[in-house]
Amino acid sequence: MSPVEPGAVDEPPAEPPAELPVVAPHLRALRRRASLTLEAASRAAGLSPAHLSRLETGQRQPSLPMLLALARIYGTTVSELLGETVADRDAVVRAAGMDPTSAGGWTYWQAGAAGRGMQALRVRVPYRSQGDIVRVHPGEEWLYVLQGRLRMRLGDTAYVLAPGDSAHFDSLTPHRIAAADGDGAELLFVHTLLQSPTAALCLGPATGLPTPGETS
């Protein structure tokens, strides 16, 4: 058995699940396509070679953070890791097809194709809206302020972003976004978290939300 890298994650043996996930053969094929050895890929993902081997043989089911990490390392998407076949989609999203969706006081326009490894949105954030909550989830976020000023708390640090300012951060860092002025703010927003409805991703669950001004 290969030695365990310091700090790498390993788990004791366990019985394989009754139905092995389709992800297993794709993990191995995509690692080989990326020209990575088991040791190199596991080191980059923070896993032990033994644990990655068990993922590739279906003896373990990967978590979402593991899938995100492996997708980045292999230069692919979580959808491809899962073996999903995505129908051909138009690369262009026309303004006429951007129907608004409202949730928690925020308004969203889809600015990219659905089902991709990242999702792009145009977002309108009113002042003192229900969107003023703390969020923590796997993935990365990038935002660019189009209009107005945006208050952003990232961990323990607070920022005010003006039009033309942008931010790019690991969304496991607790973060909170709100309009800084009474006229609200508008921004472009890109995230890598898959299979999450827009409202759930940006606003959290429908119940138990902190009220504006609260932190968690």
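Contact here means heavy atoms within 4.5 Å of each other, and helices (H or I, at least four residues) and strands (E, at least two) are DSSP runs numbered from the N terminus. What you see is a predicted model, where local features need pLDDT of at least 70, side-chain atom pairs count only at pLDDT 80 or more, and totals for chains, interfaces and linings use all residues. Residues are numbered from 1 along each chain as its sequence is written, and side-chain values use heavy atoms, with hydrogens and water left out.

**View 1. Helix H2 and what covers it.** Start with Leu38, Ala41 and Ser42, which are buried in H2 (buried is under 20% relative accessible area, exposed over 50%, partly exposed in between, with a 1.4 Å probe and protein chains only). They span an arc of only 95° around the axis, so they sit on the same side of H2; the arc is taken from the directions from the helix axis to the C-beta atoms. H1, H3 and H4 are among what covers these buried residues. Just past the end of H2 comes glycine 46, with a positive phi of about 75°.

**View 2. Helix H3, largely enclosed.** H3 runs over residues 49-56, and 7 of its 8 residues are buried, so the rest of the structure largely encloses this helix. The buried ones are Pro49, Ala50, His51, Leu52, Arg54, Leu55 and Glu56. Their packing partners are helix H1 (23-33), helix H2 (38-45) and helix H4 (64-74). After H3 you'll find glycine 58, another residue to pick out, with a positive phi near 80°.

**View 3. A salt bridge between H3 and H1.** Glutamate 56 and arginine 31 meet through their side chains in a salt bridge, at 2.6 Å from N to O. Glutamate 56 belongs to helix H3 and arginine 31 to helix H1, so the pair ties together parts 25 residues apart in sequence. For the term itself, look for a side-chain nitrogen of Lys or Arg within 4 Å of a carboxyl oxygen of Asp or Glu. Glutamate 56 counts as buried at 5% relative accessibility, and arginine 31 does too, at 8%. Arg28 joins Arg31 and Glu56 in a network of salt bridges. The structure holds 5 salt bridges.

**View 4. An open sheet of 6 strands.** Reading across, the order is S1-S2-S3-S10-S5-S8, with antiparallel pairing (two strands pair if DSSP finds at least two bridges between them). Strand S1 (100-103) and strand S8 (166-170) are at the edges with a single partner strand each, so one side of each has no neighbour in the sheet. On average, neighbouring strands are turned by 25° against each other, direction ignored; the axes are lines fitted to C-alpha atoms, for helices over the stretch in contact, and angles run from 0 to 180 degrees between N-to-C directions. Zoom in on S1 and strand S2 (residues 106-110): they run antiparallel and 4 bridges join them. Serine 102 has threonine 107 in S2 as its bridge partner.

**View 5. A salt bridge between strands S3 and S10.** Here arginine 122 forms a salt bridge with glutamate 186, and the closest N and O atoms are 2.9 Å apart. Arginine 122 is in strand S3 (residues 119-125) and glutamate 186 in strand S10 (residues 185-191), linking distant parts of the chain that are 64 residues apart. Arginine 122 is partly exposed at 24% relative accessible area, while glutamate 186 is buried at 12%.
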